[in-house]
Amino acid sequence: MRKVIAVFGLVSAIILIYLTYPFIALLLAANPNIIKEVMGIREALNALVLSLAAATTSTLILLSFGTPLAYLLARHEFRGKGLIESIIDLPLVVPHAVVGIMLLSAFGPRTTLGGLLKSLGLVIADSYWGIVAAFIFVSAPLLIDTVREGFASINIYLEGVARTLGAGPGKTFLTISLPLAARSVFTGSLLAWARAMSEVGALLIIAYYPKTINVLIVEWFNTYGLGYAIALTLVLLSISITTFVILRTVLRWRG
Amino acid sequence: MIKVTNLNVRVGPFKLKNISLMAGSGDYLVVLGPSGVGKTILLECLAGLRKVESGKIFVNDVDVTKEPPERRGLVFVPQNYALWPHMSVYGNIGYPLKLRGMGKEEIRLRVEEIAEKLGIADLLHRRPSALSGGEQQRVALARALVTKPKAILLDEPTAALHPSLRSSAWRLLKSLHKRLGFTAVHVTHDVAEASYLATKAAFMWEGKIVKEGALEEILSTKEASTYLGDTNYLRGVVKGTENEVMLVDIGGKVLRVADHNFNIGEEITLALRPEDIVLLKEQPHAVSAMNIMPAVITGIEARGALVLIKAKIGKSLRLKAYVTKASADHLGIKEKTKIYMMFKASALKPV
């Protein structure tokens, strides 16, 4: 048994080093002068704020539409359920650039639906809402699957007893199911937000403008080289990791 | 009052078949049966948590078969009690009152009143996770009873408790039923629980109700014998003591029991093993056994090397006894034969 643990430990160490080393390499390669310079550039700050705002908006929209869907999937059996579950997980396997092309084909300005949305004042290509649309698409599986598992793990009688005590289905959902699944809802939102913050492939196709921080990193890498891209990456990474750590800590504390 | 007529339910390959039951107002109906016969499914159907294929469920003569759970007035208490972990004990008990639009003060009074009755007044600000099994059971009962429902549906309410706590849980249920007078449908696999609590009973077997009526009647069925063996369960009332022997009235017949830890007037269930009964052709004299009574044989069944003799004593007492085939032949046992049954006071064990 000890031999097996030693071998497993060695294998685990290799993968952990592989995952950690790029972060260390990034820190080692950073030039403090360039970081200082980058933090004073207005374009970079605007891109960062845009990324944060769009990721938050997409997560809130996903929460509103994804939570009821997650509940239905967790609690009801119906024809076509397997198909719906596959559709939800599809974005996980679609290449990011393809997501951009798909969204452009569906909601681009030259499509019927895109034209209709435009007449309502909602332009998807190269707009804030284009960024949000891409974020929703790529992060939907993470939120819906996590929340669905949260609802599914609630003992069915916790809801059933509330019903027999006089609560209708809506009241039961709001007062029993949702609070009991709060931890999963929070985790799902966190994962969806983090996934949105990391997206770039789809944005390069559907919403290069206005520039999000990830698009700007790609642009600066191509224009000014690795030094500026690293500086910008470090700013984004520190904000993402700090937010992630704070939220995880809050989650643990509440748990 | 709950009335079920010809209820059919399908759950995967399992079926509840043609269930008919009745619990009158104030009845404590116990549905007894082994695990896996559909007792919980039956309760879920009554509660409205499961759809039925056909049949009707009436509550106080109103057909509620198609009504959602919140409109039936039947409160379900599952085996795990299903206390909401995100609410305090107070929050759990006050929840149904809040649903009814009561004010904070009225809720406080009602919660405190029922908590007092159940002896949980000092637990109101605790979370369910900080309660013992017995305390959780009391909270679940308080939550179920606080709105004075038309009936409560109890699914094996003592199964999750440590065996040493079960008898006190039975006493609690019995005294609550006596004080509050609610109607209950209680399912259990435990014959001792059924015999202690039931004012009416039904035996369930393979998705069917095989018999409904008094406990003694349901225990005399072939299916109950298959499940419980042939042990006799006798319910009676303590009449007094005589030379440190307790006198128990069972359907008009007084039996002598070697136990005196019960109060006069207390209801008691006694178990009597069929191998502890001796059959005699004539009334014996000068024997140590204190219970000797004339009986009429009503049935004879083979039990491997033994023969099971069913006999009737007086109008309502029925007993089952084992004898060997040789003894049965020697006594010339046939149906309607008159015999004497004899057993010691120590053979009767309070359940």
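The following legends describe close-up views of a predicted model that contains chain A and chain B.

**Figure 1. Chain A is built from helices without strands.** The program assigns 13 helices and 0 strands to chain A, and from the N terminus on the elements run α-α-α-α-α-α-α-α-α-α-α-α-α. The C-alpha trace of chain A spans about 65 × 65 × 30 Å along its principal axes. Of the 255 residues in chain A, 41% count as buried. Among contacts in chain A between residues at least 6 apart in sequence, 75% join residues at least 24 apart. The accessible surface of chain A amounts to about 14,100 Å², and 71% of this area belongs to carbon and sulfur atoms. Chain A carries 18 positive and 11 negative side chains, and the centres of these two sets are 8 Å apart.

**Figure 2. Chain B contains both helices and strands.** In chain B there are 9 helices and 20 strands. Its C-alpha trace extends over about 75 × 50 × 30 Å along the principal axes. Chain B has 351 residues, of which 49% are buried. Of the contacts in chain B between residues at least 6 apart in sequence, 65% join residues at least 24 apart. Chain B has an accessible surface of about 16,200 Å², with 50% of it on carbon and sulfur atoms. There are 50 positive and 36 negative charges in chain B, and their mean positions are separated by 4 Å.

**Figure 3. Chain A and chain B meet at an interface with 1 salt bridge.** The contact involves 19 residues of chain A and 24 residues of chain B. Together the two chains bury about 1,800 Å², of which 68% is on carbon and sulfur atoms. On the chain A side, A:Tyr157, A:Thr164 and A:Leu165 lose the most area to chain B, and together they account for 42% of what that side buries. The salt bridge pairs A:Arg163 with B:Glu70, and their closest N and O atoms are 2.8 Å apart.

**Figure 4. A salt bridge joins A:Lys211 and A:Glu43 within chain A.** The closest N and O atoms of this pair are 3.5 Å apart. A:Lys211 is in the loop between helix 11 (201–206) and helix 12 (213–224) of chain A, whereas A:Glu43 belongs to helix 3 (residues 42–75), so the pair ties together parts that are 168 residues apart in sequence. A:Lys211 has a relative accessible area of 19% and is therefore buried, the limit being under 20%. A:Glu43, at 36% relative accessibility, is partly exposed.

**Figure 5. Salt bridges also occur within chain B, including the pair B:Glu135 and B:Arg126.** Over all chains, the structure holds 24 salt bridges. Between the side chains of B:Glu135 and B:Arg126, the N to O distance is 3.9 Å. B:Glu135 is partly exposed at 23% relative accessibility, and B:Arg126 is partly exposed at 34%. A further salt bridge links B:Glu275 with B:Arg273 at 2.6 Å, N to O. The relative accessible area is 39% for B:Glu275, which is partly exposed, and 47% for B:Arg273, which is also partly exposed. In addition, B:Asp230, B:Glu301, B:Arg303 and B:Lys310 are linked in a network of salt bridges.

**Figure 6. A:Thr146 is a buried residue of chain A.** A:Thr146 lies in helix 7 (residues 128–152) of chain A. Its relative accessible area is 18%, so A:Thr146 counts as buried. Leaving aside residues up to four places away in sequence, A:Thr146 touches A:Pro141, A:Ser184, A:Thr187, A:Gly188 and A:Leu191. A:Thr146 and A:Leu60 are separated by 86 residues in sequence and by 15 Å in space, C-alpha to C-alpha.

**Figure 7. B:Lys98 is an exposed residue of chain B.** Helix 2 (residues 89–99) of chain B includes B:Lys98. The relative accessible area of B:Lys98 is 64%; B:Lys98 is classed as exposed because this value is over 50%. From B:Lys98 to B:Phe203 the separation is 105 residues in sequence and 38 Å in space, C-alpha to C-alpha.

Conventions. Residues numbered from 1 in each chain as written. Chains lettered and ligands numbered in written order. Predicted model: local features only at pLDDT ≥ 70, side-chain atom pairs only at ≥ 80, totals over all residues. Heavy atoms only, no water. Helix = DSSP H or I, 4+ residues; strand = E, 2+ residues; numbered from the N terminus. Buried < 20%, exposed > 50% of the residue type's maximum accessible area, 1.4 Å probe, protein only. Contact = heavy atoms within 4.5 Å. Areas by Shrake-Rupley, 256 points an atom, 1.4 Å probe, with all protein chains shown as cover. Lys, Arg positive; Asp, Glu negative; His and termini not counted. Charge placed at Lys NZ, Arg CZ, Asp CG, Glu CD. Buried area = accessible area lost by both parts, 1.4 Å probe. Salt bridge = Lys/Arg side-chain N within 4 Å of Asp/Glu carboxyl O.
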